Amino acid sequence: QVQLAESGGGLVQPGGSLRLSCAASGPILDTHAMGWYRQAPGKEREMVAIIRFAGGDRIMYADSLKCRITISRDNRENTVYLQMNSLKPEDTAVYYCKLVRHRGQAFWGQGTQVTVSS
(Lines give C-alpha, C1' and ligand atoms only; values in the text may rest on other atoms or scores of the structure.)
Protein backbone atom coordinates (compact mmCIF):
# COMPACT_ATOMS: atom_id res chain seq x y z
CA GLN A 1 0.00 0.00 0.00
CA VAL A 2 1.34 3.40 -1.01
CA GLN A 3 1.40 6.00 1.74
CA LEU A 4 1.86 9.74 1.29
CA ALA A 5 3.09 11.89 4.16
CA GLU A 6 2.49 15.61 3.70
CA SER A 7 4.12 18.36 5.71
CA GLY A 8 4.90 22.05 5.58
CA GLY A 9 1.47 23.55 6.03
CA GLY A 10 0.60 26.09 8.65
CA LEU A 11 -0.33 29.69 9.26
CA VAL A 12 1.28 32.37 7.13
CA GLN A 13 0.54 36.05 6.63
CA PRO A 14 -0.49 37.41 3.23
CA GLY A 15 2.51 37.77 0.97
CA GLY A 16 4.40 35.06 2.78
CA SER A 17 5.74 31.76 1.51
CA LEU A 18 5.46 28.09 2.33
CA ARG A 19 7.04 24.94 1.01
CA LEU A 20 4.98 21.80 1.19
CA SER A 21 6.52 18.37 0.95
CA CYS A 22 5.09 14.95 0.21
CA ALA A 23 7.09 11.83 0.92
CA ALA A 24 5.89 8.60 -0.66
CA SER A 25 6.53 5.16 0.75
CA GLY A 26 5.55 1.65 -0.22
CA PRO A 27 5.34 0.14 -3.72
CA ILE A 28 5.95 3.22 -5.87
CA LEU A 29 8.13 1.88 -8.69
CA ASP A 30 5.46 2.41 -11.33
CA THR A 31 4.60 6.01 -10.50
CA HIS A 32 3.17 7.93 -13.44
CA ALA A 33 2.78 11.32 -11.79
CA MET A 34 2.45 13.13 -8.51
CA GLY A 35 0.67 16.34 -7.80
CA TRP A 36 -0.84 18.77 -5.38
CA TYR A 37 -4.52 19.56 -5.08
CA ARG A 38 -6.37 21.81 -2.71
CA GLN A 39 -9.85 22.18 -1.32
CA ALA A 40 -11.01 25.41 0.25
CA PRO A 41 -14.00 25.59 2.58
CA GLY A 42 -17.19 25.25 0.57
CA LYS A 43 -15.30 24.69 -2.67
CA GLU A 44 -14.55 21.73 -4.89
CA ARG A 45 -11.12 20.17 -4.88
CA GLU A 46 -8.94 21.67 -7.59
CA MET A 47 -5.63 20.85 -9.19
CA VAL A 48 -2.70 23.01 -8.14
CA ALA A 49 0.28 21.39 -9.85
CA ILE A 50 1.25 18.05 -11.37
CA ILE A 51 4.63 16.64 -12.29
CA ARG A 52 5.04 13.53 -14.41
CA PHE A 53 7.75 11.03 -13.56
CA ALA A 54 8.28 10.28 -17.25
CA GLY A 55 8.29 12.21 -20.49
CA GLY A 56 10.87 14.70 -19.26
CA ASP A 57 9.12 15.49 -15.98
CA ARG A 58 6.36 17.43 -17.69
CA ILE A 59 4.76 19.93 -15.33
CA MET A 60 1.31 21.44 -15.29
CA TYR A 61 0.13 24.32 -13.10
CA ALA A 62 -3.22 25.84 -12.45
CA ASP A 63 -3.33 29.00 -14.56
CA SER A 64 -4.29 31.19 -11.61
CA LEU A 65 -1.30 30.04 -9.58
CA LYS A 66 1.39 29.51 -12.20
CA CYS A 67 3.32 32.69 -11.43
CA ARG A 68 3.48 31.98 -7.69
CA ILE A 69 4.18 28.27 -7.33
CA THR A 70 6.82 25.74 -8.27
CA ILE A 71 6.55 21.97 -8.11
CA SER A 72 9.63 19.79 -8.03
CA ARG A 73 10.60 16.26 -7.12
CA ASP A 74 13.46 14.24 -5.72
CA ASN A 75 13.11 10.79 -7.21
CA ARG A 76 15.74 9.22 -4.97
CA GLU A 77 13.93 10.43 -1.90
CA ASN A 78 10.48 9.77 -3.37
CA THR A 79 9.48 13.28 -2.41
CA VAL A 80 7.57 16.04 -4.18
CA TYR A 81 7.67 19.68 -3.14
CA LEU A 82 5.41 22.63 -3.71
CA GLN A 83 6.93 26.06 -3.21
CA MET A 84 4.28 28.74 -2.79
CA ASN A 85 5.07 32.45 -2.76
CA SER A 86 3.04 35.63 -2.45
CA LEU A 87 0.30 33.77 -0.67
CA LYS A 88 -3.17 35.27 -0.52
CA PRO A 89 -6.08 34.68 1.85
CA GLU A 90 -7.90 32.86 -0.96
CA ASP A 91 -5.09 30.30 -0.96
CA THR A 92 -6.38 29.06 2.39
CA ALA A 93 -7.26 25.40 1.92
CA VAL A 94 -6.35 21.86 2.74
CA TYR A 95 -3.60 20.81 0.36
CA TYR A 96 -3.49 17.17 -0.69
CA CYS A 97 -0.73 15.16 -2.30
CA LYS A 98 -1.69 12.65 -4.99
CA LEU A 99 0.24 9.81 -6.59
CA VAL A 100 -0.96 8.06 -9.75
CA ARG A 101 0.44 4.79 -11.05
CA HIS A 102 0.82 4.06 -14.75
CA ARG A 103 -2.25 1.84 -14.65
CA GLY A 104 -4.35 4.63 -13.19
CA GLN A 105 -4.51 3.67 -9.53
CA ALA A 106 -4.47 6.81 -7.40
CA PHE A 107 -3.43 7.42 -3.82
CA TRP A 108 -4.10 10.46 -1.68
CA GLY A 109 -2.43 11.88 1.39
CA GLN A 110 -4.38 13.05 4.40
CA GLY A 111 -3.83 16.70 3.57
CA THR A 112 -2.06 19.58 5.25
CA GLN A 113 -3.80 22.78 6.25
CA VAL A 114 -2.59 26.06 4.80
CA THR A 115 -4.07 29.20 6.33
CA VAL A 116 -3.21 32.64 4.97
CA SER A 117 -4.32 35.35 7.36
CA SER A 118 -3.02 38.54 8.88
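**Figure 1. Aspartate 30 and its partner across the chain.** In this predicted model, aspartate 30 is partly exposed, with a relative accessible area of 28%. Its side chain forms a salt bridge with arginine 101, and the closest N and O atoms are 3.4 Å apart. The two residues come from distant parts of the chain: aspartate 30 sits in the loop between strand S3 (18-25) and strand S4 (31-39), while arginine 101 belongs to strand S9 (residues 93-101), 71 residues apart. Unlike the partly exposed aspartate 30, arginine 101 is buried, at a relative accessible area of 16%. As a reminder for reading this view, side chains of opposite charge can pair when their charged atoms come close.

**Figure 2. Phenylalanine 53, with aspartate 30 for orientation.** If you have just left aspartate 30, here is another loop to visit. Phenylalanine 53 lies in the loop between strand S5 (46-52) and strand S6 (59-61). Is phenylalanine 53 buried or exposed? With a relative accessibility of 18%, phenylalanine 53 counts as buried, because the cut-off for buried is under 20%. Along the chain, phenylalanine 53 and aspartate 30 are 23 residues apart, and their C-alpha atoms are separated by 9.2 Å.

**Figure 3. Arginine 38 and the salt-bridge network.** Which residues do salt bridges with shared partners join into one network? They are Arg38, Glu46, Arg68 and Asp91. Start with arginine 38, which is buried at a relative accessible area of 9%. The side chain of arginine 38 meets that of glutamate 46 in a salt bridge of 2.7 Å, N to O. Glutamate 46 is partly exposed, with a relative accessible area of 36%. Arginine 38 also meets the side chain of aspartate 91 in a salt bridge, here at 2.9 Å from N to O. This second pair links distant parts of the chain, with arginine 38 in strand S4 and aspartate 91 in the loop between strand S8 (79-84) and S9, 53 residues apart. Aspartate 91 is buried, and its relative accessible area is 2%. For the wider picture, a search of the whole structure finds four salt bridges.

**Figure 4. Serine 86 and its positive phi.** Stay with the loop between S8 and S9, where serine 86 lies. What is the phi of serine 86? The angle is positive, at about 50°, although serine 86 is not a glycine. That is worth a second look, because most residues other than glycine have a negative phi. Serine 86 is partly exposed, with a relative accessible area of 41%.

**Figure 5. Threonine 79 and its contacts.** Threonine 79 lies in strand S8. At 9% relative accessibility, this threonine counts as buried. Which residues does threonine 79 touch, leaving aside those up to four places away in sequence? The list is Ser21, Cys22, Ala23, Ser72, Arg73 and Asp74.

**Figure 6. Tyrosine 95 and the residues around it.** Tyrosine 95 is found in strand S9. Its relative accessible area is 0%, so tyrosine 95 is buried. Not counting residues up to four places away in sequence, tyrosine 95 touches Glu6, Leu20, Trp36, Tyr37, Arg38, Val48, Leu82, Met84, Gly111, Thr112 and Val114. You will recognise Arg38 in that list from the salt-bridge network of Figure 3. Tyrosine 61 gives a useful distance check: tyrosine 95 and tyrosine 61 are 34 residues apart in sequence and 14 Å apart in space, C-alpha to C-alpha.

**Figure 7. Stepping back to the whole protein.** After the close-ups, here is the setting they share. The protein has eleven strands and zero helices. The radius of gyration is 14 Å, close to the 13 Å that the globule rule gives for 118 residues, so the protein is as compact as a globular protein of that length. Its C-alpha atoms fill a box of roughly 40 × 25 × 25 Å along the principal axes. Of the 118 residues, 42% are buried. Among contacts between residues at least 6 apart in sequence, 51% join residues at least 24 apart. The accessible surface comes to about 6,700 Å², and 45% of that surface belongs to carbon and sulfur atoms. As for charge, the protein has 14 positive and 10 negative charges, and their mean positions are 3 Å apart.

Note on methods
Residues are numbered from 1 along each chain as its sequence is written. This is a predicted model: local features need pLDDT of at least 70, side-chain atom pairs count only at pLDDT 80 or more; totals for chains, interfaces and linings use all residues. Side-chain values use heavy atoms; hydrogens and water are left out. Helices (H or I, at least four residues) and strands (E, at least two) are DSSP runs, numbered from the N terminus. The radius of gyration is taken over C-alpha atoms; the globule rule is 2.2 Å times the number of residues to the power 0.38. Buried means under 20% relative accessible area, exposed over 50%, partly exposed in between (1.4 Å probe, protein chains only). Contact means heavy atoms within 4.5 Å. Accessible areas come from the Shrake-Rupley method with a 1.4 Å probe; for residues, only the protein chains shown count as cover. Lys and Arg count as positive and Asp and Glu as negative; His and the chain ends are not counted. The place of a charge is taken as NZ of Lys, CZ of Arg, CG of Asp or CD of Glu.
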